[in-house]
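Here is a short tour of the model, written to be read with the structure open beside it. Take a look first, and then follow along.

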Amino acid sequence: MFLAALGGPVTSFKPSINAFREAAQRNGYDPAKLPITLAGLFHAADTTQQALKEMYPHMNQGMELTNGRGYPKQLFAQGADPHDVLNIGTPEQIIEKILYQHELFGHQRYIAKLILEAYLPTG
């Protein structure tokens, strides 16, 4: 399973993982042998505030492009919470967030979505 977790409380993704494992077991598969990959947005900086400030314009622009609405700043700011799935903050905070996510999900892989400013369109 490849689960894209793009924002919100970590616990809101647990039902999808549970459903995947239950369906696998019902169909004769050992869920422990089926890897789960969690993919999420990732941005590290020296401080949480710096990480949020640097990442928000790109998240907002991405939301505008994909669904016609920007990313509400208050909702985005919640991404700094240790129990939010957005991996944005200091390296230490992100490590703790990924460990918390692993504790809940037991996933085998994490794929970080990085935004490199040099490749973003200007204007």
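## Glycines after the helices

Right after helix α4, G106 adopts a positive phi of about 65 degrees. Helix α1 has a glycine following it as well: G28, with a positive phi near 85 degrees.

## How far to trust it

Keep in mind that this is a predicted model. The protein chain has an average pLDDT of 90, and 93% of the residues score at least 70. Confidence is highest in α1, at 97, and lowest in helix α3 (residues 73-77), where the mean is 89.

## Helix α4 and its two faces

Helix α4 covers residues 91-105, 15 residues in total. From first C-alpha to last it reaches 21 Å, close to the 21 Å expected at 1.5 Å a residue.

Which residues of α4 are buried? They are I94, K97, Q101 and F105. These residues cover an arc of only 60 degrees around the axis, so they sit on the same side of α4. That buried set packs against α1, β2, β3 and β4. On the face turned away from the buried side you will find the exposed residues E92, I95, E96 and E103.

Helix α1 (residues 14-26) passes a similar length check: its 13 residues should span 18 Å at 1.5 Å a residue, and the end C-alpha atoms are 18 Å apart, which agrees.

## Strand β2 and its partners

Strand β2 (residues 37-44) has six of its eight residues buried, so the rest of the structure largely encloses it. Its pairing can be followed strand by strand.

- With strand β1 (residues 2-5), β2 pairs in the parallel sense over four bridges; A4 has A39 as its bridge partner.
- With strand β4 (residues 109-113), β2 runs parallel and shares five bridges; L41 stands opposite K113.
- With strand β3 (residues 87-89), β2 pairs in the parallel sense over three bridges; H43 is partnered with I88.

## The nonpolar cores

The largest nonpolar core has 11 residues: L41, A45, A51, L52, M55, Y56, M59, Y71, F76, L86 and I88. Helix α2 (residues 48-67) gives the most to this core, with five residues. Another core, of nine residues, lies apart from it and includes L3, V10, F13 and I17.

I88 is a good residue to click on. Leaving aside residues up to four places away in sequence, I88 touches H43, A51, L52, M55, F76, G79, A80, I94 and K97. Among these contacts, I94 and K97 belong to the buried residues of α4.

Definitions and conventions. Residues are numbered from 1 along each chain as its sequence is written. This is a predicted model: local features need pLDDT of at least 70, side-chain atom pairs count only at pLDDT 80 or more; totals for chains, interfaces and linings use all residues. Side-chain values use heavy atoms; hydrogens and water are left out. The expected span of a helix is 1.5 Å times one less than its number of residues. A nonpolar core is a set of buried Ala, Val, Leu, Ile, Met, Phe, Trp, Tyr and Cys residues joined through side-chain atoms within 4.5 Å. Buried means under 20% relative accessible area, exposed over 50%, partly exposed in between (1.4 Å probe, protein chains only). Contact means heavy atoms within 4.5 Å. pLDDT is the predictor's confidence in each residue, from 0 to 100. Two strands pair if DSSP finds at least two bridges between them. The arc is that of the directions from the helix axis to the C-beta atoms.
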